Amino acid sequence: MRLLLGTVVLAAGLSAQTTNSPADPVRTVVGRLELDRYKAHIKGLSQFGDRMQGTERNRRAIDWLDNQLGSFGYTNVQRHRFMSGSGPLENIYATKIGTTIPGEIYIVSAHMDGRGGGEAADDDGAGCAVVLELARVLGMPDVQTDRSVRFMFWNNEEFGMDGSGTYASERAPLQGTAAEPKWLGVIQHDMMMFDHGMPPGPKQSPNADIDIEYQRSSRMADDSAKLAAALHAANRAYARYPATVGADMAGTDSIRFEDLVASVSVRENERVIEIVRGSNPNHHQPTDKYENYAEEDFRFGFNSAQTTLGALGQLAGITLARPR
Ligand SMILES: [Zn+2]
């Protein structure tokens, strides 16, 4: 009995200690992600329709992203102008500056353009919402990262991937200079919400899983596999829906980096064997609208935010400043 009492007191002491100084700051920060905010980011982008490159809808969506990033406290929002096959366009990004190793950076990305005449809600409002929600939480004044994290919104993924392609080719040789930090990894988010099985059913598949892919035939395959493994481990620790790692990353902006730096895509389904074969009936259709996704679809997409933020916790090093 005395022994048991001692154990209870010890356990109570431990838990009080844990509350006062969190043993895992990453878990604390992941816990600040909010599903309602994630949905609001998607809704916010959906208001501009499909955001096709070269349109007023596209330009207004960039201004909206600029305002959002500013509202999260970022004073370093930048636009990367480039000449695409569709005319002059802009990528937009903000950067969380690392406290101890600011010259090394992870690029966390999605594409802000879309197509299909609907709202491009899933492709790729849902990926942009992951990046926005990470930017919001990592922008909180008490959150620090050892290394830098860049929140990147590519333009014109849909008709050439030249936003990412131009950035990669222009900036790769500048790495390590004042103009560009050294890249440690690219984590792209493109179509996050819809895993209704194959062929797709009306409801979310009971086996819905997040697909993390790298490209086995790329020059950086080994490093990319390690990045994918870090995301997989974070998924187990911080998210509820499971993740599956594949080695055939394709059809999204991260392929522009696959021979330069560790690169992965995070998606609702595998590109080659599922998405291309019709796993999402809304893909590039007028039906890719916010209203056509159910609560569990949003929750599934939100799990990718938990997964990537958890991985950044280890990779970029997330710490919490002590309360003053
Ligand atoms: Zn896409």
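Biologist: Which helix does Asp124 lie in?
Modeller: Heads-up: this is a predicted model, in which local features need pLDDT of at least 70, side-chain atom pairs count only at pLDDT 80 or more, and totals for chains, interfaces and linings use all residues. Residues are numbered from 1 along each chain as its sequence is written, and side-chain values use heavy atoms, with hydrogens and water left out. Helices are DSSP runs of H or I with at least four residues, strands are runs of E with at least two, and both are numbered from the N terminus. On those terms, Asp124 lies in helix α5.

Biologist: What is omega for the peptide bond between Asp123 and Asp124?
Modeller: Most peptide bonds are trans. Asp123 and Asp124, though, are joined by a cis bond, with omega at about 15°.

Biologist: And which residue does a cis peptide bond join to Met198?
Modeller: Omega for that bond is about -5°. The partner is found in the loop between β6 and β7, and its name is Pro199.

Biologist: Which residues coordinate the zinc ion?
Modeller: Donors are N, O and S atoms within 2.8 Å of the metal (3.2 Å for Na, K and Ca), and sites may look incomplete, as water is not among the atoms. Here the distances run from 2.0 to 2.6 Å, and Asp190 appears twice, through OD. The NE2 atom of one residue and the OD of another join in, which gives His111, Asp123 and Asp190.

Biologist: What do the angles around the zinc ion make the arrangement?
Modeller: Four donors are tetrahedral if all angles lie between 85 and 135 degrees; square planar (four) and octahedral (six) need opposite donors over 155 degrees apart and all others between 65 and 115, and anything else is irregular. The four donor atoms here subtend 53 to 147°, so the arrangement is irregular.

Biologist: How many residues apart in sequence are the parts tied together by Asp123 and Asp190?
Modeller: The donor spacing reads H-x11-D-x66-D. Asp123 belongs to helix α5 (residues 121-138) and Asp190 to the loop between β6 and β7 (210-213), so the pair ties together parts whose separation in sequence is 67 residues.

Biologist: Is Asp190 buried or exposed?
Modeller: Buried means under 20% relative accessible area, exposed over 50%, and partly exposed in between, using a 1.4 Å probe and protein chains only. Asp123 has 3% and is buried. Asp190 has 1%, so the word is buried.

Biologist: How many of the 10 residues of α6 are buried?
Modeller: Among those buried in helix α6 (residues 162-171) are Asp162, Tyr167 and Arg171. Their cover includes β1 (78-84), β2 (87-96), β3 (101-111), β5 (147-154) and β6 (182-189), where contact means heavy atoms within 4.5 Å. The helix is largely enclosed by the rest of the structure because the number of its residues that are buried is eight.

Biologist: What is phi of Met191?
Modeller: Most residues other than glycine have a negative phi. Ala120, in the loop between β3 and α5, has a positive one near 45°. Met191 sits in the loop between β6 and β7 and is buried at 0% relative accessibility. Its phi is positive too, near 75°.

Biologist: How far from Gly114 is the C-alpha atom of Ala233?
Modeller: Ala233 belongs to helix α7 (residues 221-238) and is partly exposed at 40% relative accessibility. Along the chain, Ala233 and Gly114 are 119 residues apart, and their C-alpha atoms are separated by 31 Å.
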